[in-house]
Amino acid sequence: MDSHAPATSMPSVLIAEPDSLLRWSLVTYLGRWFSVIAAETPAAAVELAAKRRFDAVVLADSMADADEARIEQLVRSQNPDAGIVHTVSSPSRAAIVHATGVALEKPFDLSRLAGILGVAPGSQPA
């Protein structure tokens, strides 16, 4: 499990992504504005989501649908207003996940993801 959690009161984001390079990229980029916790397995993401409140979650489309649903349910149980972003690798998959959150197609622009999570374009980290 990777983590980057500044000691400030930044909004928190859970990244559930098995690909180590993509996970590192997300943690590094989003860590400028958010307290980011990353999990490389669905089981680790479930454990984190059950223990703490997150303002948003980014879920990899390579996870089984049941795992995605469980993580999303746990995040929403702690914070009903949490943002849910699904990374997807095909337009057909994007249509499926729109029912529960935002679909962001891979390869994606990290600044677009930050915008979806509420970071204003061109804003500097706090």
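**Strands, cores and salt bridges in a predicted model**

Strands β4 and β5 run in parallel and are paired through five bridges. This pairing is a handy place to start reading the structure, which is a predicted model. One of the contacts along the way joins A56 to G83, its bridge partner in β5. To get from β4 to β5, the chain passes through helix α3, residues 65-78, and the resulting β-α-β crossover is right-handed. On to the next neighbour: β5 also pairs with strand β6, residues 102-105, again in the parallel sense, this time over four bridges. Here V85 sits opposite V102 of β6.

How much of strand β5 is buried? Five of its six residues, 83-88, are buried, so the strand is largely enclosed by the rest of the structure. G83, the bridge partner of A56, can also be placed relative to a residue much further along. G118 and G83 are separated by 35 residues in sequence, yet their C-alpha atoms are 9.5 Å apart in space. G118 belongs to the segment after α5, and with a relative accessible area of 62% it is exposed.

Stepping back to the whole chain, there are five helices and six strands. Going along the sequence, they come in the order β-β-α-β-α-β-α-β-α-β-α. The chain has 126 residues, and 43% of them count as buried. Taking contacts between residues at least 6 apart in sequence, 59% link residues that are at least 24 apart.

As for confidence, the mean pLDDT of the protein chain is 83, with 79% of the residues at 70 or more. The start of the chain is another matter: pLDDT is below 50 over residues 1-7, a stretch that has 21 contacts in the model beyond near neighbours in sequence.

Next comes the packing inside. In soluble globular proteins, nonpolar side chains tend to be buried together. The largest nonpolar core in this model is made of 18 residues, and V13, I15, L30, F34, L113 and L117 have the most contacts inside it. Five elements supply two or more residues each: strands β2 (12-16), β3 (35-39) and β4 (56-60), along with helices α1 (20-30) and α5 (110-116). Of these, α1 gives the most, with three residues.

I15 offers a close-up of this packing. Leaving out residues up to four places away in sequence, I15 touches R23, L26, L30, V36, I37, A38, A39 and V58. A second core of 17 residues lies apart from the largest one, and its members include A16, A44, A45 and A49.

That leaves the charged side chains. Side chains of opposite charge can pair when their charged atoms come close. The model has three salt bridges, and they can be taken one by one.

What does the salt bridge between R23 and E40 tie together? The two side chains meet with an N to O distance of 3.9 Å. R23 is in helix α1, while E40 is in the loop between β3 and α2 (42-51), so the pair connects parts that lie 17 residues apart in sequence. The two partners also differ in their surroundings: R23 counts as buried, at 4% relative accessibility, whereas E40 is partly exposed, with a relative accessible area of 37%. R23 is also one of the residues touched by I15.

The second pair stays within a single helix. E47 and K51 form a salt bridge in which the closest N and O atoms are 3.1 Å apart. Both residues belong to helix α2, and being four residues apart, they are separated by about one helical turn. E47 counts as partly exposed at 42% relative accessibility, while K51 is exposed, with a relative accessible area of 63%.

The last pair is D55 and R53, whose salt bridge brings the closest N and O atoms to 2.7 Å from each other. D55 is partly exposed, at 27% relative accessibility. R53 is partly exposed too, with a relative accessible area of 43%.

Note on methods
Residues numbered from 1 in each chain as written. Predicted model: local features only at pLDDT ≥ 70, side-chain atom pairs only at ≥ 80, totals over all residues. Heavy atoms only, no water. Core = buried A, V, L, I, M, F, W, Y, C linked by side-chain atoms within 4.5 Å. Buried < 20%, exposed > 50% of the residue type's maximum accessible area, 1.4 Å probe, protein only. Contact = heavy atoms within 4.5 Å. Pairing = 2+ DSSP bridges. Right-handed = clockwise from strand over helix to strand, strands pointing away. pLDDT = per-residue confidence, 0-100. Salt bridge = Lys/Arg side-chain N within 4 Å of Asp/Glu carboxyl O.
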